[in-house]
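Thanks for coming. I will go through one model, starting with the ligand site and then the two sheets.

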Amino acid sequence: MPPLNYQTAGESHGASLVVMLTGVPAGFSLDIDFINAELSRRQGGYGRGGRQRIEQDRVEFLTGVRRGKAIGAPLTMRIVNNDSRLDDLQKTPPVYRPRPGHADLAGSIKWLTTDCRETLERASARETASRVAAGAVARCLLRELGIEAFGFVRSILDAATTAEVRGDNWQHMRKLRDESETYCPDAKVTERQCEIIRRAKIDKDTVGGLVEAHVFGCPPGIGSSMDWTTKLDARIAYAVMGIQAFKAVEIGLGKECAARVGSAVHDAIRFDATKVDTPNLGFVRDSNNAGGTEGGMTNGQPVVVRGTMKPIATLLRGMASVDLNTKAPEHSAYERSDVCAVSAASVVMENAVAFEVARCAMEKFGGDSMVELRQNFENYLRLARMLPLDPPSMTIA
Ligand code: EPS
């Protein structure tokens with residue numbers, strides 16, 4: 001069985017997006033309605049541009065599925081682009097005035113051309129639809145282990161919610177988020193965020209923000225401290241920094257750790273025998289500054305990830321740039337775009353983070369089939385609850 005992994009392909013204005021997952025165990029149900037609902041959510045959010053009125057993202061399974069269940073083979077999905085026009089030079093003309101902040105300049109030099117078009121087609125956030133589809137598949141798998149992800153918008157510019165998301169209120173928070181035009185579980189802050197986006201549109205500018213993802217139900221031990229490449233938090237950081245326009249990622253308290261002493265950072269441990277059947281196996285913390293990971297492994301607390309999305313680089317007002325053909329000063333090019341895509345980014349991050357949890361869960365529990373995976377998972381929890389194992393020599397000396 002290969003490790004759980006995925007690859008995406010497809011240009012923003014090509015025929016379609018494609019995503020292939022390998023290492024998927026057999027026998028879990030692919031909830032196509034859930035996957036499509038996540039794709040629709042990614043298309044939404046206040047501040048999106050005209051493209052989303054053209055597209056209606058839906059997943060089509062090409063391989064690896066039989067009668068709604070994964071069969072253990074490579075799983076391929078397609079999302080059709082309605083706005084497919086890449087071969088039409090009139091409709092997708094060369095772009096030679098690079099947008100500061102976009103992949104345009106570095107990409108055109110890298111591929112030794114003065115047309116940024118091919119770089120931008122793949123750098124486009126359209127690709128994130130594939131990443132959501134992959135993550136949503138992983139979430140179908142995680143659900144069978146009782147693991148759930150929840151993502152939302154924390155802030156846009158200076159409009160930030162202080163809402164606290166916990167294991168006992170996240171479903172309510174999800175309801176509030178789903179009622180919000182910006183995917184922020186706070187009605188008052190949503191209004192301010194919409195106002196900020198309206199203002200930015202009038203100013204022909206763009207805005208970014210902070211998004212957060214929480215993963216509930218992970219027992220201790222997903223990920224590994226034995227090698228840096230197997231650390232869950234490192235994998236999450238890699239996945240999140242790979243999302244278009246992300247400039248920072250934090251786990252738990254994140255960069256605030258630098259401003260506090262150890263006793264105000266680390267989450268004290270106590271044991272509560274009434275909680276042994278919860279994901280923390282009874283090892284209770286009153287805070288979660290670690291964001292659910294210690295030593296690159298889950299510690300039984302919810303995994304908490306925060307991502308920073310910069311404002312979109314395509315500004316209607318333009319910025320100082322150059323003509324790549326003449327090197328003369330020019331205003332940067334404008335392509336139809338979004339004023340704000342932070343809401344969409346929250347959906348992308350939620351699913352990208354969930355995929356990394358699933359990747360590490362598969363490494364820990366393995367199995368070619370869901371039956372095997374579930375039994376490995378439950379057997380591990382049984383052994384963990386039995387600690388110390390008898391005889392003690394069964395444990396590492
Ligand atoms: C993007 C430009 C816009 C965005 C796009 C990302 O596309 P278009 O030029 O076709 O209007 O809407 O995002 C998506 C298409 C999407 O589905 O998220 C860019 O330049 O990155």
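**Ligand site and sheets**

Around the ligand sit His 13, Arg 42, Arg 48, Arg 51, Gln 52, His 102, Ser 124, Ala 125, Arg 126, Arg 336, Ser 337 and Asp 338; a residue counts as near if one of its heavy atoms lies within 4 Å. Before I go on: this is a predicted model, where local features need pLDDT of at least 70 and side-chain atom pairs pLDDT 80 or more, while totals for chains, interfaces and linings use all residues. Residues are numbered from 1 along each chain as its sequence is written, and side-chain values use heavy atoms, with hydrogens and water left out.

What is the make-up of the shell around the ligand? One residue is nonpolar, five are polar and six are charged. Here Ala, Val, Leu, Ile, Met, Phe, Trp, Tyr, Cys and Pro count as nonpolar, Asp, Glu, Lys and Arg as charged, and the others, Gly among them, as polar.

Now the polar contacts, meaning pairs of N or O atoms within 3.5 Å. Arg 48 places a polar side-chain atom 3.2 Å from a ligand oxygen atom, and for His 102 the corresponding distance is 3.5 Å. Ala 125 uses a polar backbone atom, 3.3 Å from an oxygen atom of the ligand. Taken alone the ligand exposes 470 Å², and the protein buries 94% of that; areas are Shrake-Rupley with a 1.4 Å probe.

Next, the sheets. Strands are DSSP runs of E, at least two residues, and helices are runs of H or I, at least four, numbered from the N terminus. Two strands pair if DSSP finds at least two bridges between them.

One open sheet has four strands in the order 1-2-6-3, paired antiparallel. Strand 1 (5–9) and strand 3 (60–63) each have a single partner strand, so one side of each has no neighbour in the sheet. The twist averages 25° from one strand to the next; axes are lines fitted to C-alpha atoms, for helices over the stretch in contact, and angles run from 0 to 180 degrees between N-to-C directions. Five bridges join strand 1 to strand 2 (residues 16–22), and Ala 9 stands opposite Val 18. Helix 5 (residues 128–143) lies across strands 1, 2 and 6, at about 35° to strand 2.

The other open sheet has five strands, order 8-7-9-15-10, again with antiparallel pairing. Its edges are strand 8 (159–160) and strand 10 (246–251). Helix 6 (residues 170–179) touches strand 7 and strand 9, contact meaning heavy atoms within 4.5 Å.

Methods. Polar contact = N/O pair within 3.5 Å; in protein donor to acceptor, adjacent residues only side chain to side chain.
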